[in-house]
Amino acid sequence: MYHGKSLLQLTFERLSSFGNILALSGEEHRFFVEEAAEKSKVNLTQILEPIARDTAPAMALAACHARQENPESILLFCPADHFIPDNDLFRKMVLEAAYYAKSGNIVTFGVRPTSPSTAYGYIETGDEVGPGIWKSAKFLEKPDHETAMAFLSSGKHLWNAGIFLVRADVLADAIARFEPQTFDACSDAIASAQLDGHFLRPGGQFKDAMAKSIDYAVMERAENVLVAPFQGVWSDVGSWNAMSDLGTKLQNGNCVLGVEENVRMVNSENTVVHGTDRRLIVTLGTKDLVVIDTPDALLVSASAEVEAIKNVVRDLAAENHGQALDHRRVARPWGDYDSIDHSDRYQVKRITVKPGAQLSLQRHHHRAEHWIVVKGSALVTCDGKKFLLGENQSTYIPVGAVHRMENPGKIPLELIEVQSGSYLGEDDIERLDDVYGRIPE
């Protein structure tokens, strides 16, 4: 978070002046993306990837979708985990590079390195083709420290920002040339896609697309890739070490992210701590350490090892570990819920419903629910009866009862839900009516 805004929300705000926004996400993230778009006051369409296949298939889906309306439309691909504070300078940089993209080139943006970083990939620049823009000579993986030092001193190597500007037809043709199987799978997926509100669900055989990054698939092989200098401040905050650039700097190289009031650092050096409002975090005599406290899990890592968290998450997901697959806070089109506590026979949630929003008309076959309103008012439907609950009032929803909750007020509705029963999974929801189209046909 930066000044209370997620990096995704900041990305949407940065792109808002360019027109239509197309977001590539997974089914499980669609409401988080929608929530960020609402906060950013932008309209967008989401393409929901049936399965994750890395950046090449994702960008192929976007290109195939965009060229249906206008093959020469210019696409700007931006990761959602970058910190770029100057929106005006970013827009100026993109508009200056648009000429080269319109001419049939794939333009990427390289950042002049300020240190021998081993956290980023690099681009080696070739011949200059215009004022401050070069042919790309080579895309390079994250180097070791010695190689990074050589890159820094060469003057020809830039950090790979992973931002691309390209015509829809140019990108589609490049993927078709270098990765025909992926292109055919994505083209078929878009041709048979179903539009559900502003969610576009690709069909066909998307699973046949090869899981590959766009760098491997296209950028390292195409002859029409140009590199423009990135203008302004840029940080890829896809790691916790990089996130420290956004935190509050303290003495002795220490840094605090998140809720500063809940962090105490004593005799600590070069320690990064991410605190929340859940509990107090104290470090004593630590050095070169990263401590990240989230509602889902606690990470304690040596600074030099923190990048390996991606491998840990991958292994946990392969083991079907709950914290790697599910989050405590879950976004929904009507608001969100936070799973506060649970055991085999009960679960407690804090539910927030947006003004004017409503949950689906539903029933459960294995659990009963108790609702206690703590803020706002709730219009409750239970087995055909409707009644209003105010603050500090509660109701009981028996197993099998057909029920719905609505927020008729102008402020968010907050309530505590206590579930009890033999099975508490989210798939024990039989939806009978839903204004968000979540009833399977």
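**Figure 1. Helices α3 and α7 sit oblique to each other in this predicted model.** The angle behind that label is about 50 degrees, and the axes of α3 (residues 55-69) and α7 (residues 180-191) are 9 Å apart. Angles of 65 to 115 degrees would count as roughly perpendicular and those under 35 degrees as roughly parallel, so this pair lands in the oblique class. As for handedness, α3 passes α7 in a right-handed crossing. On the α3 side, look for Pro57, Ala60, Leu61, Cys64, His65, Arg67 and Gln68; they meet Thr182, Phe183, Cys186, Ser187, Ala189, Ile190 and Ala191 of α7. Sorted by class, this contact comes out as 9 nonpolar, 4 polar and 1 charged.

**Figure 2. Here α7 is shown with another partner, helix α6 (residues 168-178).** The two helices pack at an angle of about 130 degrees, and 5 Å separates their axes. That angle makes α6 oblique to α7. From α6 come Ala172, Ile175, Ala176, Arg177 and Phe178, while α7 brings Pro180, Thr182 and Phe183. The class count for this contact is 6 nonpolar, 1 polar and 1 charged. Thr182 and Phe183 of α7 turn up here and also in the contact with α3.

**Figure 3. Closer to the start of the numbering, helix α1 (residues 7-15) packs with helix α2 (residues 30-40).** Their axes lie 9 Å apart at an angle of about 50 degrees. This makes α1 oblique to α2, and α1 passes α2 in a right-handed crossing. Leu8, Gln9, Phe12 and Glu13 are the α1 residues in the contact, and α2 answers with Phe32, Val33, Ala36, Ala37, Lys39 and Ser40. In terms of class, that gives 6 nonpolar, 2 polar and 2 charged residues.

**Figure 4. The last view goes to the cavity: the structure holds 1 of 30 Å³ or more.** About 210 Å³ of space lies inside. The lining takes in 21 residues, and the closest to the cavity centre are Trp334, Leu359, Gln362, Glu426 and Ile429. Which elements give two or more residues to the lining? They are the strands β22 (346-353), β24 (367-375), β28 (403-406) and β29 (413-421). If you are thinking about chemistry, the lining splits into 7 nonpolar, 5 polar and 9 charged residues.

Note on methods
Residues numbered from 1 in each chain as written. Predicted model: local features only at pLDDT ≥ 70, side-chain atom pairs only at ≥ 80, totals over all residues. Heavy atoms only, no water. 1 Å grid on protein atoms, 1.4 Å probe; cavity = no way out; pocket = protein on both sides within 12 Å on 5 of 7 lines; lining within 4 Å. Points joined across faces, edges and corners; volume = space filled by probe spheres on them. Helix = DSSP H or I, 4+ residues; strand = E, 2+ residues; numbered from the N terminus. Nonpolar A, V, L, I, M, F, W, Y, C, P; charged D, E, K, R; others polar. Axes fitted to C-alpha atoms, helices over the stretch in contact; angles between N-to-C directions. Parallel < 35°, antiparallel > 145°, perpendicular 65-115°, else oblique. Left-handed = near helix turned anticlockwise from the far one by under 90°. Contact = heavy atoms within 4.5 Å.
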